Amino acid sequence: MFIGDGGDGIAGADVHVVKDRITYVGPTEAAPPVPESTVTIDANNGTILPGLVEAHFHPTYFNVAALEDLDIKYPVEYVTLLAAANCKLALECGYTAARSGGSLFNIDVWLKKAINEDVVMGPRLAANGREICGVGGLMDWNPDFRKIGMEGLVLLINGPEEARAAVRKLVKDGVEWVKTYPTGDAAAPDANDHHTLCMTFEEMHAVVETAHNHNLKVTGHCRATEGIKNALLAGYDSLEHGTFMDRETMDLLLERDVPVVPALYFEKASIDNGPAFNMPQAVIDGHQETLDGGAESARWILREGGRIGLGGDYGFAWNPHGDYAKELSFFVDFVGFSVPEVIKCATQTGAEIMGLADEIGTLEVGKLADILVLNADVTQDISAIEDRANITAVMQGGIIKAGTMLTTAS
Ligand SMILES: [Zn+2]
């Protein structure tokens with residue numbers, strides 16, 4: 001059993017749950033007696049750990065093969081249905097909570113309500129909204145002659161006044177997180193590559209000031225070193241990617257204890273599967289540079305005592321929903337994190353990013369019973385966590401919502 005705090009696994013351990021809360025965590029031999037009617041789940045020499053937290057989840061992205069697929073392929077009605085299906089899938093994969101990394105239309109806010117009210121199954125959701133990007137930046141790809149707006153996907157801004165106006169729209173939408181695009185990405189090698197800035201510091205600062213005033217948190221797609229530095233100086237609450245770090249940005253990051261969600265497996269999937277999707281070589285080369293830089297930064301952040309959350313931009317054609325736990329194996333096998341470290345990143349740190357560290361993220365008495373039971377020992381092979389056939393039970397708030405113990409019983 002892993003507590004989720006970075007400690008080694010405990011052999012021969014029990015966790016007890018009464019209603020929606022954890023009442024005992026510890027060695028089996030020290031466990032108090034339980035009533036005869038208690039339902040017992042046997043991990044069968046496998047693994048018990050806190051429910052996983054997807055810290056960069058896009059419920060509304062589905063099978064995106066080209067940027068246009070994001071905002072003009074389907075109407076809002078169908079995207080909403082797809083997003084609900086993605087949430088159910090994430091829960092079945094062991095993800096009992098998720099922080100969105102940006103949403104089409106205002107779907108996240110309503111998904112969250114539907115999940116909370118048991119209308120649809122899914123992770124406890126921290127809702128994001130339409131993303132904010134500077135005009136001409138990474139997310140502003142529809143040429144003007146097409147006369148197609150980007151209103152379902154991004155709020156495009158010029159200057160701090162428009163940045164404030166965009167955040168105010170999101171305040172009215174009811175989001176918890178504001179997602180911004182301080183930098184470009186390997187996906188746009190011509191005008192908005194991963195070393196390009198897509199927002200000014202003044203715009204970013206205006207976003208933070210307005211968002212914090214209304215109790216919203218701010219995150220951003222930050223690859224270029226200057227963009228990371230701007231985000232930290234502007235007061236961002238988390239960084240997505242944090243790809244190219246230097247000593248100065250590292251010091252700022254540590255001083256402010258800002259968590260970073262690298263979302264690195266996406267880069268590997270893009271490199272491996274890009275040719276099959278006719279991805280230009282310049283884009284693949286950019287993803288390689290991003291992967292190398294991102295892995296280096298992630299190792300460095302962890303070594304320096306910084307916080308890493310795990311989540312992965314799943315929802316692209318070459319990096320589909322359902323593959324979320326590949327992020328964990330990848331961080332062990334490729335980036336070099338230990339199994340207890342990677343579990344902490346995917347549980348406790350995720351809960352901290354969501355602002356729910358007092359309620360979820362670790363197995364502790366009094367916390368909500370969000371628990372994953374695997375019929376496999378992840379210390380032997382972390383990739384066992386990727387296979388839903390190994391998931392005996394996904395418990396959310398004390399209720400078994402998914403897992404083989406349900407499917408074989410029905
Ligand atoms: Zn994303």
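Begin by selecting alanine 98, whose bridge partner in strand 6 is leucine 125, and keep in mind throughout that the model on your screen is a predicted one.

Next, widen the selection to strand 5, residues 95–100, together with strand 6, and you will have two strands that run parallel and are joined by 3 bridges. Strands of a sheet pair through backbone hydrogen bonds, in either a parallel or an antiparallel manner.

Now bring in strand 4 as well, and the open sheet of 3 strands is in view, ordered 4-5-6 and with parallel pairing. Strand 4 (52–57) and strand 6 (124–126) stand at its edges, and because each has a single partner strand, one side of each is left without a neighbour in the sheet. If you look along the sheet, the twist from one strand to the next averages 15°.

Select helix 2, residues 76–92, which packs on this sheet and touches strand 4 and strand 5, its direction making about 130° with that of strand 5.

Then turn to another part of the tour and select helix 6 (residues 225–234) with helix 7 (residues 247–256), whose axes come within 10 Å and cross at roughly 30°. Since angles under 35 degrees count as roughly parallel, helix 6 and helix 7 are therefore roughly parallel to each other, and their crossing is left-handed.

To see where they meet, show the side chains of Thr225, Ile228, Lys229, Leu232 and Leu233 on helix 6, and of Glu248, Thr249, Leu252, Leu253 and Arg256 on helix 7, which together make the contact. Coloured by character, the residues of this contact of helix 6 with helix 7 divide into 5 nonpolar, 2 polar and 3 charged.

Conventions
Residues numbered from 1 in each chain as written. Predicted model: local features only at pLDDT ≥ 70, side-chain atom pairs only at ≥ 80, totals over all residues. Axes fitted to C-alpha atoms, helices over the stretch in contact; angles between N-to-C directions. Helix = DSSP H or I, 4+ residues; strand = E, 2+ residues; numbered from the N terminus. Parallel < 35°, antiparallel > 145°, perpendicular 65-115°, else oblique. Left-handed = near helix turned anticlockwise from the far one by under 90°. Contact = placed C-beta atoms within 7 Å. Nonpolar A, V, L, I, M, F, W, Y, C, P; charged D, E, K, R; others polar. Pairing = 2+ DSSP bridges.
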